[in-house]
Structure formats: C-alpha cells, structure tokens
Amino acid sequence: MSLLSIEEIIKEYDGIRALDRVSLKVEKGSIKGLIGPNGAGKSTLFHLISGVEKPDSGKIYLKGREISSLEPHERSSLGIGRTFQTIQVWGNMTVVENIMAGMNRRLKGGLLSCGLWLPWIRRSEKEALREAKEILDSLGLLGKWESIASQLPYGKQKLLELGRALAMKPELLLLDEPASGLTLAEIEQLSQHISQVRQEEVTVFIVEHHMGMVMEIADEIAVLHNGELIAEGTPEAVRKNPRVVEAYLIRRSRNETGGSSS
Amino acid sequence: MVEKKETQFRKRDLFYLVPLWFISLIAPDPYLYHKKGFKKKDIFYLAAICLAPLIWSDSHFHHVMVLAGIYAILALGLSLFMGYAGQISLGHAAFFGIGAYTTAILTTRYAVPTLLAFWASALSAALIAHLIGRPILKLKGYFLALATLGFGEIFLVIVRESAPLTGGVIGIFGIPWFSAMGFSFDTYLRQYYLAWGVVTGLFIFSKNLVRSKVGRALLAVATSQDAASSVGINVSKTKLEIFVLGAAFAGWAGSLFACIMSTASPEAFSLGFTILVVMMVILGGMGNLYGPIAGAILLTWLMDFLGKYQEYSLPIYSVILILLLIFFPDGIGTRLNVRIIYLIGYWAKKRKRDKGKL
C-alpha cells in the first residue's frame, strides 16, 4: 500500500480548473518529485495535501485512511510535515525554539502541567532541547542556535524550516520549492540533507523548479501541465517523454536562453 | 573636523553608562531561550517586592501598590494573550468585572467564604471566556478587537440593567475583607502581601508556561498560523486556552479588587479601564512577562500622581502616554536594553580606536 495516494482530484478557482482529475501515488520510503511549468497546479496540489485548501472532488488517502476533510493541524498530527514556498520560520523565536516548537505534537503536557512545571515537563523539555540541538547539528546550524530565527540569512532559514519539519518526525515530508532563491552551493547542501532524510525512512514529496536538483535526488517524477498529469516515471523516462519535452523543457529553454535545466 | 567630533568620547557618556549598566543588570531581555528560565535577577525582584513596603511604610504607598499588584495580575493575563499569542482583546475589563461581581454576590448574598469566592470568580470568568471565545476567536485583528470591545460593553449594560442581582448603577457594597483560614487581610500591609503573593504565583505559572511547549505554540500562532498548523499545533485551541487563562487571571484580579475596595460598581470596568490595562501591557513591552508588571506599577503611580490635578489629569495623562509611545514604542524594558547595547558597543569601539591610534 502506498503511503499517500491521491485519487481523481479536481480543484477549480472561479471556473478555471487548476487541477483536473489528478491521481498520484507516493510509495513509502521514496523521494518523489513533482515538476511542471508555472501555473501547472503544483502548489495547489500541495495545498490540498497539507489541508490548507479542500478539493472540489476526489479523495486523498494517507496510509489507506481518508484525510480529504481533515484540518491542516490534524493532518500534520497524522505525520505530514511540510515546508513553505515563501519562508515561514517564526521570527519571534530563537533558532532552537523553532525546532522545539516543531516537536510540539510529540511533547507531553497541557496548560496546567506546563504552568506548574511538573517533573516530567522538566525532563521532556531537557530531552527536547538535546534533540533539537542534534537536529541543528546535522543541519550545520548549531553555531547559531541562540540567534533570532529572522536574523539568519535566507538559505539558513530554508534549512531551519526543513529542520522544523523534520523535528515533528513526519512520515511524509512535503517540500514546496526548497531550492528557490538559493545559490548553487546551498542547493547542493540541501540535496544532501534531503538524501539524508530518506535514510531515516521519511518519504519525501518535492515540488521544484530547479530541474537539476529534482532529477538528481528523486526516484520518481510526476509532471503536471495545465492541471493535468502528463507523465510519471523515473527521471530518465520523464526526461525522454515527448509530451514533457514539449510542455516543459523546450518552453523553458526558449524562455531562459542557456537555462540551467539539464 | 567632523570625523574628529564623532570619535570623541565624552566623559559624560560614563554618567549614562553607569546607571544604564546597572539597569541592564535588572532589566530582562525577553527572547533568548536560555534567558527564559529563572535567573538571579528574579530573586532580586522578589526581594525588592518583599522589602518595598517595609522601607516605605506609609499606608498610601501600600494602597497604591496593592492596586498596582491587582492591575499587574490583569496585565499578566492579557500579556499572554496579546504579547505571546499576538491577539487583541479590548474586553478584558469585563472578565475583571465578572470576577469582582462573582465575589461580591457570593460573599454578600450567600455568605460564601472569600477564599472560595476567589476561586469561583476565576472559574466563572474562565467559563464565560470559554463560551464567548469559541465564536469570537475565529476573528482576526481589528475584527477581534471590535468583537471583544462589544462584549465588554454588553457586559456593562447587563450589569447596569440587572439591578436585583448586581445593584445596578450603584453596585454592591460591604464586601468583607479577604480572609483565608481565619487570617483576615485587613490592613494595607497585609493586602499588599496578599496581592503581590498572587502576582508572584501567577508570574511563576506564566513564566513556566512561556518557556514550555505552550509558550512556543503561542509564539508560533502569533507569527504564522500556517506554519503552526503545519507542525500539528491546533491554532484555535491554543488561542482559546490562553484566552480562557487570561480571563481566569482577570477573574482573580477582580475578586481581589472587590475584597480590597469592598465595593463592586460598573464604573470600574468601563472601556477606559480596558484601555488602561492594554496600555500597561504595551508600555511594559509585549512578549515579555516583566513588562506588564512594570507597566502596571508605572501607570498606577501615574494615575495616583495625576489624581492631584483632577481637571488636567486626562490631557496630561494622554501627553505622557503619547510621549512614552513615541520614545519607547516596543515598551520600556525592550528599548532600554537596545540603548545599553548600543552605548557599550560605542564605548568599546572607541577604546579600540584610541589604542590603534596610539
């Protein structure tokens, strides 16, 4: 059984069909890429999976359980972590607190027990701090653990967002254009981290414009064009698929002379 | 020439530096994780609070500080809701009023012991907050402000109109002193320790709250609700919980207020009072638990001081508030620290430059 399966999703905005009967499956433990030109409906699909928006028709299953009607926080409690296209770190907290806030659903304690600082709260806080530092260490952010998150440079904030999503120990990690706005060196670093994530048995579903990166790390790629799924398969197969070449690669290389697409 | 003027270290900077350095020892900085725990500074504060009424042992000081303590409780609860969760409430005085009236009615009509009424007040305020919070907290920004404002006004109207229960415009008189286990808080000094004891307890509670997962959830909700729900934080539940807690704080404050003033009348819970409490939170500095207490003390003394100039008090009060907001927009504590850091940096650089020249 696949971890995430999307069946016949339709989403319309003011009569314009953003997604037209899209069906997708993400297998457990894999890295799946989702590509497509601007306006193809990639972000919409992500919003539907994370629950920010609801589909007009169609169903979404996580581990065989239907989640189409759940609220975003319920879905993340079931194990869907995500990062955002525009950075959404919590600028009013320190770096380490951002990570610890990401662990929120795993920490015990309610209003009363936290306010009274009961022994098990103290222990779990200590444990959370240690674990948060480990995550920061693996991302190379440990040196900045006490600085305010909004003061980090852009690339580091992206990494922090990834760390926050990892802190909740997701089963499925949705990455919404993680490489946008990053330098080549930073993208390289990010790909390494994503490949590392997979070894911890986290399934990754990634929307990306940066073709080189997706082709390199993804096991399987799906291509959206004008709200329709036009191709699905291994990177090689997708690259050779004539419909993809027509819809995406040619247009892209025409638009960006000498573009970075591989 | 111009450059020379800039690099010149004036001796009088030292005069700023010394008191500012001293203030930096006491002034808390709110953000850093490792500073969210309890520090030596806190013992200093506690000692100051315990010793202050013994050093200034006139009853006027005691009375004003009792009021300041009660407002501090109120401001503390509101600061959790405004400063941490980033929401706005202009109806907080209503919960204060609910607390005061609950105590007043229970003690005068049903002869309930004050200690019991004290808890009942918090409970009733929290209950009503839970009821109205559910629909109201879906709103954001201005709309939330207006809705809570409306709630405050509705509460006032209900209190004024239901005369048989609340005594109408006149209010309820003759509420007994606060007493617990046979000990009556009948002097201003005892009331001082009562009020500030409650402040201390609730402060410790709030401080524990903000350094735990609840505090992080609050800060997360304040900045980005999308990101908060993406890690499994239930945004509406978090907001509701803290709203209810703030209301319970206000209920306790109201109960103490009723016992100490021995009256409960609708004027005490008007819109002006709400604005005052909001000012305490803003002046002291948002997102910081020391701020609302400092703000409460400052504004209570300001009101007391301006009480001598009755006719002019309102304009003077407004001018002072405007000036404070212009020069300390992030609250007094926050701004002071920034200035200290700037000055120390300036001083250090100056020293370095001088050495380089020599």
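Here is a walk through a predicted model with a chain A and a chain B, taking each chain by itself before turning to what they share.

Let's start with chain A. Its secondary structure comes to 10 helices and 10 strands. If you drew a box around its C-alpha atoms along the principal axes, that box would be roughly 60 × 40 × 35 Å. How does the radius of gyration of chain A fit with a compact globule? For 262 residues, such a globule would come out near 18 Å, and chain A has 19 Å, so the two agree. Of those 262 residues, 45% count as buried. The contacts reach along the sequence, too: take the pairs in chain A that are at least 6 apart, and 67% of them join residues at least 24 apart.

Chain A also splits into parts. Domain 1 is made of 4-89, 154-159 and 171-255, while domain 2 covers 91-151. Measuring between centres over C-alpha atoms, 29 Å separate domain 1 of chain A from domain 2 of chain A. Where they meet, domain 1 of chain A puts in 6 residues and domain 2 of chain A puts in 7. On the domain 1 side, helix α6 of chain A (residues 154-167) has the largest share, with 3 residues. Sorted by class, that side of domain 1 holds 2 nonpolar, 3 polar and 1 charged residues.

While you're on chain A, look at a couple of backbone oddities. Trp117(A) has a phi near 55°, a positive value in a residue other than glycine. You'll find Trp117(A) in the loop between α4 (111-115) and α5 (119-139) of chain A. Is Trp117(A) buried or partly exposed? It is partly exposed, because 18 other C-beta atoms lie within 10 Å and buried would take 20 or more. Lys169(A) is not a glycine either, yet its phi is positive, at about 50°. Lys169(A) sits in the loop between α6 and β7 (172-176) of chain A. With 15 C-beta neighbours inside 10 Å, Lys169(A) counts as partly exposed.

Now over to chain B, which has 16 helices and 4 strands. Of its 358 residues, 46% count as buried. As for reach along the sequence, residues 24 or more positions apart make up 77% of the chain B contacts with a separation of 6 or more.

So where do the chains come together? The contact takes 29 residues from chain B and 34 residues from chain A. On the chain B side, α9 (188-210), α10 (213-223), α11 (225-230) and α12 (235-261) each supply at least two residues. Which of the helices gives the most? That is α10(B), with 8 residues. By class, the chain B side has 15 nonpolar, 10 polar and 4 charged residues.

Last stop: the largest nonpolar core, with 174 residues. Within it, Ile73(B), Leu74(B) and Ala75(B) touch the most other members. Helix α4 of chain B (residues 59-84) brings the largest share of this core, 16 residues. The core takes in chain A as well: domain 1 and domain 2 of chain A both give residues to it, so it lies between them. For a closer look, pick Ala75(B). Leaving out residues up to four places away in sequence, Ala75(B) touches Val277(B), Met280(B), Val281(B), Pro292(B), Ile293(B), Gly295(B) and Ala296(B).

Terms used:
Residues are numbered from 1 along each chain as its sequence is written. Chains are lettered from A and ligands numbered from 1 in the order in which they are written. This is a predicted model: local features need pLDDT of at least 70, side-chain atom pairs count only at pLDDT 80 or more; totals for chains, interfaces and linings use all residues. A residue is buried if 20 or more other C-beta atoms lie within 10 Å of its own, exposed if 12 or fewer, and partly exposed in between; C-beta atoms are placed from the backbone. Two residues are in contact if their C-beta atoms, placed from the backbone, lie within 7 Å. Ala, Val, Leu, Ile, Met, Phe, Trp, Tyr, Cys and Pro count as nonpolar, Asp, Glu, Lys and Arg as charged, and the others, Gly among them, as polar. Domain bounds come from an automatic or database domain assignment. The radius of gyration is taken over C-alpha atoms; the globule rule is 2.2 Å times the number of residues to the power 0.38. A nonpolar core is a set of buried Ala, Val, Leu, Ile, Met, Phe, Trp, Tyr and Cys residues joined through C-beta atoms within 7 Å.
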